[in-house]
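Me: I am new to this structure and would like to understand the terms used for it. Please take me through them with care.

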Amino acid sequence: MAIGMTAARKGAVRRLIERSGRDNLLLAEAVVHLLRAWSAVRFLPFRWAVTSGSARVGKKPSADADRLAWAVSAAGAHVPWRAVCLEQGLALQRMLRRRGVDARLQYGIGHSNAGELQAHVWVSVGDRIVIGGEQAPDFKCVATYPEKQIGPSQ
């Protein structure tokens, strides 16, 4: 057994070191929110878990949705637990809403080619899908969280 890091791990560490401090902070925040979402999905009833990302919208919109989606996707690909569309959607939704963006978690169902029922989650800001959009057209949206707008914090 070789001691040390694999070439892939070394490359990942090198990319992390070369990123800006701001990018690394976003990635760290994304990891925290992914862990929070993973825990909610594992330990809470479904209704509570899917509403865990529905924080009150902050007072002043101050977010680049695409940049936050990048951070969640990148972090989700490297965390040691399973972070699929549901966890990534919950994490991104919470990050955006904390920054004043009215992000909505869309929950959809569809069928595979074999006829099996499948589910998918994506996050929308207005009419634009910011994460999970690649598969969204294959699913019918059956629920949106939050259902109503939750206004700015008082």
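Me: How do you know that the span of helix α2 agrees with what is expected?

Reply: The expected span of a helix is 1.5 Å times one less than its number of residues, so the 23 residues of helix α2 (residues 21-43) should span 33 Å, and the end C-alpha atoms are indeed 33 Å apart. Helices here are DSSP runs of H or I with at least four residues, strands are runs of E with at least two, and both are numbered from the N terminus. This is a predicted model, in which local features need pLDDT of at least 70 and side-chain atom pairs count only at pLDDT 80 or more, while totals for chains, interfaces and linings use all residues. Residues are numbered from 1 along each chain as its sequence is written, and side-chain values use heavy atoms, with hydrogens and water left out.

Me: Which elements does the chain have, and in what order do they run?

Reply: The chain has 5 helices and 4 strands, and from the N terminus on they run α-α-α-α-α-β-β-β-β.

Me: Why is Glu29 called buried or exposed?

Reply: Buried means under 20% relative accessible area, exposed over 50%, and partly exposed in between, with a 1.4 Å probe and protein chains only. Glu29 has a relative accessible area of 17%, and therefore it is buried. Glu29 lies in helix α2, where Asp23, Leu26, Leu27 and Ala30 are among the other buried residues. Of the 154 residues of the chain, 41% count as buried.

Me: What is Glu29 in contact with, leaving aside its neighbours within four places in sequence?

Reply: Contact means heavy atoms within 4.5 Å, and Glu29 is in contact with Met95, Arg98 and Arg99 once those neighbours are left aside. Glu29 and Met95 are 66 residues apart along the chain, yet their C-alpha atoms are separated by 8.4 Å.

Me: Why does Arg128 count as buried, partly exposed or exposed?

Reply: Arg128, which has its place in strand β3 (residues 128-131), has a relative accessibility of 41%, so it counts as partly exposed. Not counting residues up to four places away in sequence, Arg128 touches Ala65, Asp66 and Val123.

Me: At what angle do α2 and α4 pack, and what is the hand of their crossing?

Reply: Axes are lines fitted to C-alpha atoms, for helices over the stretch in contact, and angles run from 0 to 180 degrees between N-to-C directions. On that basis α2 and α4 pack at an angle of about 65°, with their axes 8 Å apart. A crossing is right-handed if the near helix is turned clockwise from the far one by less than a right angle, and left-handed if anticlockwise; the crossing of α2 and α4 is right-handed. The residues of this contact divide into 11 nonpolar, 1 polar and 3 charged, where Ala, Val, Leu, Ile, Met, Phe, Trp, Tyr, Cys and Pro count as nonpolar, Asp, Glu, Lys and Arg as charged, and the others, Gly among them, as polar.

Me: At what angle do helix α4 and helix α5 pack, and which residues make the contact?

Reply: Helix α4 (residues 65-76) and helix α5 (residues 85-98) pack at an angle of about 145°, with their axes 10 Å apart. The residues that make the contact include Leu68 and Val72 of α4 and Leu92 and Met95 of α5, and by class the contact has 8 nonpolar, 3 polar and no charged residues.
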